Amino acid sequence: MSTATETYTVAGMTCGHCVSSVTEEVAAIPGVTGVEVDLPTGAVTVSSEAPMDREKIAAAVTEAGYALV
Ligand SMILES: [Cu+2]
């Protein structure tokens, strides 16, 4: 199985609850195998089985109530 890893930046996260909301929504995207969020920088690293559409990540982040930078 090949894997892809991409890092995105999410604006508006301020606490652990924000981190878990974003993690939950992004992890729910089909094909995503891992999500790591760095709260101080807003960096969200997404591992997936195949390269992800940025739009899918953006939609999940929007669903969580935040915005992709
Ligand atoms: Cu929060």
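## Report on a predicted four-stranded chain with a copper site

Strand 2 (residues 32-38) and strand 3 (residues 43-48) are joined by six bridges and pair in the antiparallel sense. Strands pair if DSSP finds at least two bridges between them. Helices (H or I, at least four residues) and strands (E, at least two) are DSSP runs, numbered from the N terminus. Across this pairing, V32 stands opposite S48 in strand 3. The hairpin of strand 2 and strand 3 has four residues between the strands, and G42 there takes a positive phi near 75°.

The model described here is predicted: local features need pLDDT of at least 70 and side-chain atom pairs count only at pLDDT 80 or more, while totals for chains, interfaces and linings use all residues. Residues are numbered from 1 along each chain as its sequence is written, and side-chain values use heavy atoms, with hydrogens and water left out.

The chain contains two helices and four strands. Their order from the N terminus on is β-α-β-β-α-β. The radius of gyration of the chain is 11 Å, close to the 11 Å that the globule rule gives for 69 residues, so the chain is as compact as a globular protein of that length. This radius is taken over C-alpha atoms, and the globule rule is 2.2 Å times the number of residues to the power 0.38. Along the principal axes, the C-alpha atoms fill a box of roughly 35 × 20 × 20 Å.

The strands form an open sheet of four with the order 2-3-1-4 and antiparallel pairing. Strand 2 and strand 4 stand at the edges with a single partner strand each, so one side of each is left without a neighbour in the sheet. The table lists the pairings with an opposed residue pair for each.

| Strands | Bridges | Opposed residues |
|---|---|---|
| Strand 2 and strand 3 | six bridges | V32 and S48 |
| Strand 1 and strand 3 | six bridges | Y8 and V44 |
| Strand 1 and strand 4 | two bridges | V10 and L68 |

Helix 1 lies across strand 1, strand 2 and strand 3, and runs at about 160° to strand 2. Such axes are lines fitted to C-alpha atoms, for helices over the stretch in contact, with angles from 0 to 180 degrees between N-to-C directions. Contact means heavy atoms within 4.5 Å.

In helix 2 (residues 54-64), the residues I57, A60, V61 and A64 are buried. Seen down the axis of helix 2, its buried residues fall within an arc of 100°, so they line one face of the helix. The arc is that of the directions from the helix axis to the C-beta atoms. Buried means under 20% relative accessible area, exposed over 50%, and partly exposed in between (1.4 Å probe, protein chains only). The buried residues of helix 2 pack against strand 1 (4-11), helix 1 (16-27), strand 3 and strand 4 (67-68). Exposed residues E55, T62 and E63 are carried on the face turned away from that buried side. After helix 2 comes G65, with a positive phi near 105°.

The copper ion has C15 (SG) and C18 (SG) as its protein donors, lying 2.0 Å from it. Donors are N, O and S atoms within 2.8 Å of the metal (3.2 Å for Na, K and Ca); water is not among the atoms, so sites may look incomplete. C15 is partly exposed, with a relative accessible area of 33%, whereas C18 counts as buried at 6%.
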